[in-house]
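Please look over the model shown here before reading the numbered points, which are meant for someone who has not met it before.

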Number of protein chains: 2
Amino acid sequence: MFDSGVGGLTVLHECLVSLPEEDFVYLGDTALFPYGDKDTAWLRERIGAISALLLEGGAKLLVIACNTATSIGDDVAREVAAEHGVEVVPVVEPQAEIAAAITDNGRIGVLATPNTVESGAYRRALEAQGRALEVTEVEAPDLAPFIQQGSPFDESTMEMARSYCAPLKRAKVDTLILGCTHYPLVAPMLQRILGRDIRLVSGGHAVAAAVQRSLERRGLAREADGEGDYRFLCTGEVDSFRDLGTRFLQMPLGEIEQVALHT
Amino acid sequence: MFDSGVGGLTVLHECLVSLPEEDFVYLGDTALFPYGDKDTAWLRERIGAISALLLEGGAKLLVIACNTATSIGDDVAREVAAEHGVEVVPVVEPQAEIAAAITDNGRIGVLATPNTVESGAYRRALEAQGRALEVTEVEAPDLAPFIQQGSPFDESTMEMARSYCAPLKRAKVDTLILGCTHYPLVAPMLQRILGRDIRLVSGGHAVAAAVQRSLERRGLAREADGEGDYRFLCTGEVDSFRDLGTRFLQMPLGEIEQVALHT
């Protein structure tokens, strides 16, 4: 599993809870965080190098726990993974599948960073579901930085969340895709603002379900008995990864190793 | 809603998410925290005084968001509430009801502080469900203090959780009552340790459902449209209530007022 930073740890969190028997290696490309403002060609090369590193380590499945990386280079990851005979679970498609399956009124909201909205990844993935859907996308430029900088539970975050939710309420969406891995930390706030009947679809829940399906389909699932291992690689500083990461993983981080990527 | 400290804020959290349209006042009797080591007669008087204060403030429902207070004095709270024609929702019974309703194999675990286990409150509430149940109670003397002291996500908490979960796994419980309002903060850890098929029943989820039923039955529910208010009273220091409380509420605390109780 990889991400540009710590946000993907909310995806790993759900996998650790739902698939406790499996082993996980998570790579946070924190030296390059955030991906949103980097050159695309270089990022695609980077995604290829990360995928190769994890697959050479023996991964039986590759998860892209990053919305930006998914929209920029899931094809690169798939290509590298195919050489190893391994499947890729990205963060966007599984959410689109679930959202399309559970919406009653066909009105789906997507809350995401401007980069993700502009990439059109969620819109395309939702259109591919073969069902008439009305999609309302809202760009939230400030929400992920606020959550990452450590004040996710204060009044200014709540106010910001209210303003981002206003167009979603007007559009009467009954299902909201959390289009950034940081957002699960404020999911209860969003639920309160939007009302209890709105269903939130986080990347974590969707990916954990997709990982389970993929492993079972290919006969790669481990017997559900006991706890697997998990460990971390990061390209930036280990200490800041640990400090920041704990809030996102909500479990002990244990072993973290700094790695260099030659790109 | 009241509690001896900040733990009950996990109950308020669920109510704010599930019942956003209602107004809440939460009293944390932080000057006396923890209740577990205080004289029972005095605590019963205290519970009566807190109940009177909240009901005189116009509460239409009274929630005891505290396991110790429920087992020591829910009858006192009910007496005071009856004078105001108001119902009481305690934290124990709603959990017992849900657990008895959702267990498949009839084996229910209760993880709680030694005081709560010794009170027998959960065991009695489960026996009152009119179904043959095998109840395994586990005393967790250190878990709530660890969570409150600020290191809920480190390896020592995980180790502690593993040791408390061992007898629950041996007893093959399929449903676990989180018998302390602090435990929802480590619910994902417990879920990972116990496995995805075990159902966790937190006080927050059970109380929020019970509050909704009570309000609807009595025609007191507010129309589900828009956000209500919430505010806080505490008997101890305001600043420490805010610092500690934010982690438990996971929403902004806003207005906090210090109050004196004459007991």
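The points below go from the pairing of the chains to the domains and then to single residues.

1. The model is predicted: local features need pLDDT of at least 70, side-chain atom pairs count only at pLDDT 80 or more, and totals for chains, interfaces and linings use all residues. Residues are numbered from 1 along each chain as its sequence is written, while chains are lettered from A and ligands numbered from 1 in the order in which they are written.

2. Chain B is superposed on chain A by a rotation of 180° with 0.0 Å of shift along its axis, at an RMSD of 0.0 Å, where the fit is by least squares on the C-alpha atoms of residues with pLDDT of at least 70 in both copies. That is the relation of a two-fold axis. Both copies use the same surface, as 100% of the contact residues of chain B recur in chain A; two residues are in contact if their C-beta atoms, placed from the backbone, lie within 7 Å. Among the residues of chain B, B:R247 comes closest to the rotation axis, with its C-alpha at 5.4 Å.

3. The contact between the chains takes 23 residues from chain B and 23 residues from chain A. On the side of chain B that touches chain A, α1, α8 (155–170) and α9 (187–194) of chain B each supply at least two residues, and the largest share, five residues, comes from α9(B). Helices here are DSSP runs of H or I with at least four residues, and strands are runs of E with at least two, numbered from the N terminus. By class, this side of chain B has eleven nonpolar, seven polar and five charged residues, with Ala, Val, Leu, Ile, Met, Phe, Trp, Tyr, Cys and Pro counted as nonpolar, Asp, Glu, Lys and Arg as charged, and the others, Gly among them, as polar.

4. Across the chains, helix α9 (residues 187–194) of chain A packs with helix α1 (residues 9–18) of chain B at an angle of about 40°, their axes being 7 Å apart. That makes α9(A) oblique to α1(B), since angles under 35 degrees count as roughly parallel, over 145 as roughly antiparallel, 65 to 115 as roughly perpendicular and the rest as oblique. The residues that make the contact are A:P188, A:Q191 and A:R192 of α9(A) and B:H13, B:L16 and B:V17 of α1(B).

5. Chain A is divided into domain 1 (2–90 + 205–258) and domain 2 (92–203), with bounds that come from an automatic or database domain assignment. Their C-alpha centres lie 22 Å apart, and the contact takes 19 residues from domain 1 of chain A and 19 residues from domain 2 of chain A. On the domain 1 side, α1 (9–18), α3 and α10 (203–217) of chain A each supply at least two residues.

6. A:V135 lies in strand β6 (residues 134–139) of chain A. With 18 C-beta neighbours inside 10 Å, A:V135 counts as partly exposed; a residue is buried if 20 or more other C-beta atoms lie within 10 Å of its own, exposed if 12 or fewer, and partly exposed in between, with C-beta atoms placed from the backbone. Not counting residues up to four places away in sequence, A:V135 touches A:I108, A:V110, A:R123 and A:L126.

7. A:E79 lies in helix α3 (residues 67–83) of chain A and is partly exposed, with 13 other C-beta atoms within 10 Å.

Notes. Axes are lines fitted to C-alpha atoms, for helices over the stretch in contact, and angles run from 0 to 180 degrees between N-to-C directions.
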